[in-house]
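User: Hey, got a minute to walk me through this model? I'd like to start with how the copies fit together and then go inside a chain.
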There are 2 protein chains.
Amino acid sequence: MIRLYNCEDSGNSYKVRLLLTQLQVPFERIDIDLIGRETGTPRFRARNPLGQTPFVELDDGRVLAESNAILWYLAEGTPLVPAERWARAEVLQWMFFEQYSHEPYIAVARFWIGFTPQERLEPRRHLIPEWHAKGNAALGVMETHLARHDWFAGGRYSIADIALYGYTHCAADGGFDLAPYPAVGTWLKRVAAQPGYVPLELAW
Amino acid sequence: MIRLYNCEDSGNSYKVRLLLTQLQVPFERIDIDLIGRETGTPRFRARNPLGQTPFVELDDGRVLAESNAILWYLAEGTPLVPAERWARAEVLQWMFFEQYSHEPYIAVARFWIGFTPQERLEPRRHLIPEWHAKGNAALGVMETHLARHDWFAGGRYSIADIALYGYTHCAADGGFDLAPYPAVGTWLKRVAAQPGYVPLELAW
């Protein structure tokens, strides 16, 4: 059975849990303490040289990291990864956009503002305006796309939607206001109405 | 013919040029002035809503952004993207690693230290230690992998190697010393010995 090394409050881990549930793939879940920085320990590094959560481990010991690579691995051959070449590239375009232009601001703001003791946020407080400016720029790109399309790629629900849903739907935790993005709001509801959808459960 | 909207000194653009050349795919190259911030103009945004360079445009007007999604689109079905499911996921793992843990430090240090007038670097000078620490962490992850493998995924040269080569081979421009990473150094030579290899040409 696939083992998912998981952080319950991480959107990157949630993406993988959501997909596994929607695909009805059984998995064993091992919780990792991100805030206690368990990912930096030698024991963790020995298992996963990339030092990240989430990662998955197969029965034969092979390990795969990077949430969006895991999504692709699990979903390839299912309707959640399009078969057509251009649509596949569009899925990847939006997943790379998510990791480069969205997660580093929207997830990072959520982590520091929503999940970290105030005294640890303090030395980073001057970064909040940049997180919000760049996160809002990413939300603007999504809004422009979603004003004209129901889904991100291939005209249907795919792992590109799962990847972007992970941190968009809980962006308010990082101080983002989604009201100026009505098409994003409608799309969030569309994702949550998909068969097998499960909400992000916070660890506390 | 594919049109590549390109920035000559960008490693992300270079990755696509290198692949197109190795695949012997003819392309038209349109140079974009990144330092003059042409990517932010309305004319540019109208063509490419993601506001990034590089992007490619097909004859029918379809546009694809994100360098690593472009690599996948161009190389899928060739030996540069493995056919086997696990190896494909490994390619993507390393390409997401590159965009999340490598490029934001190694490429960003190169841009600001190597390509920007000193007075524009000044307000960001305090970020240099973080760029170097996180960039060296990424190089360490690569070194650990390359000490035991010739290539990043699937046991052969792939677009994962091209993606990581883009900014690793010119990391010195951003003040990185590659001497502590001998396996990385050997791999750089291995990439440069591939058929059809072309070096990054700087615009000046």
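Analyst: Sure, here is a run through the chain pair, the domains, the sheets and the helix packing.

User: What do I need to know about numbering and cut-offs?

Analyst: Residues are numbered from 1 along each chain as its sequence is written, and chains are lettered from A and ligands numbered from 1 in the order in which they are written. This is a predicted model, where local features need pLDDT of at least 70 and side-chain atom pairs count only at pLDDT 80 or more, while totals for chains, interfaces and linings use all residues.

User: OK, what rotation and shift superpose chain B on chain A?

Analyst: A rotation of 180° with 0.0 Å of shift along its axis does it, at an RMSD of 0.0 Å. The two copies are thus related as by a two-fold rotation axis. In chain B, B:Y100 has the C-alpha nearest the axis, 3.1 Å from it. The superposition is a least-squares fit on the C-alpha atoms of residues with pLDDT of at least 70 in both copies.

User: How many residues does each chain put into the contact?

Analyst: Chain B gives 23 residues and chain A gives 23 residues. Two residues are in contact here if their C-beta atoms, placed from the backbone, lie within 7 Å.

User: Which elements of chain B supply two or more of those residues?

Analyst: They are β4 (63-65), α3, α4 (85-114) and α6 (128-146) of chain B. α4(B) has the largest share of the side that touches chain A, with 9 residues. These elements are DSSP runs numbered from the N terminus: helices are H or I with at least four residues, strands are E with at least two.

User: And by class?

Analyst: The side of chain B that touches chain A has 14 nonpolar, 5 polar and 4 charged residues. Ala, Val, Leu, Ile, Met, Phe, Trp, Tyr, Cys and Pro count as nonpolar, Asp, Glu, Lys and Arg as charged, and the others, Gly among them, as polar.

User: Why do you say the copies meet through the same surface?

Analyst: Because 100% of the interface residues of chain B are also interface residues in chain A.

User: Switching topic: how is chain A divided into domains?

Analyst: Domain 1 of chain A covers 2-75 and domain 2 covers 85-192, with the bounds coming from an automatic or database domain assignment. Their C-alpha centres lie 20 Å apart. The contact between them takes 12 residues from domain 1 of chain A and 11 from domain 2 of chain A.

User: What's on the domain 1 side?

Analyst: α1 (11-22) and α3 (67-75) of chain A each supply at least two residues of the side that touches domain 2 of chain A. α1(A) gives the most, 6 residues. That side of domain 1 of chain A splits into 7 nonpolar, 3 polar and 2 charged residues.

User: Now the sheet in chain B. What's the strand order?

Analyst: The order is β2-β1-β3-β4 in chain B, an open sheet of 4 strands with mixed pairing. Strands pair if DSSP finds at least two bridges between them. β2 (27-31) and β4 of chain B are at the edges, each with a single partner strand, so one side of each has no neighbour in the sheet.

User: How do β3 and β4 of chain B pair?

Analyst: Strand β3 (residues 55-57) of chain B and β4(B) pair in the antiparallel sense over 3 bridges. Within that, B:E57 stands opposite B:V63 in β4(B).

User: Last one, helices. At what angle do α1 and α3 of chain B pack?

Analyst: At about 10°, with their axes 9 Å apart. That makes α1(B) roughly parallel to α3(B). Angles under 35 degrees count as roughly parallel, over 145 as roughly antiparallel, 65 to 115 as roughly perpendicular and the rest as oblique. Axes are lines fitted to C-alpha atoms, for helices over the stretch in contact, and angles run from 0 to 180 degrees between N-to-C directions.

User: Which residues make that contact?

Analyst: α1(B) uses B:N12, B:K15, B:V16, B:L19 and B:L20, and α3(B) uses B:S67, B:I70, B:L71, B:L74 and B:A75. The residues of this contact of α1(B) with α3(B) are 7 nonpolar, 2 polar and 1 charged.
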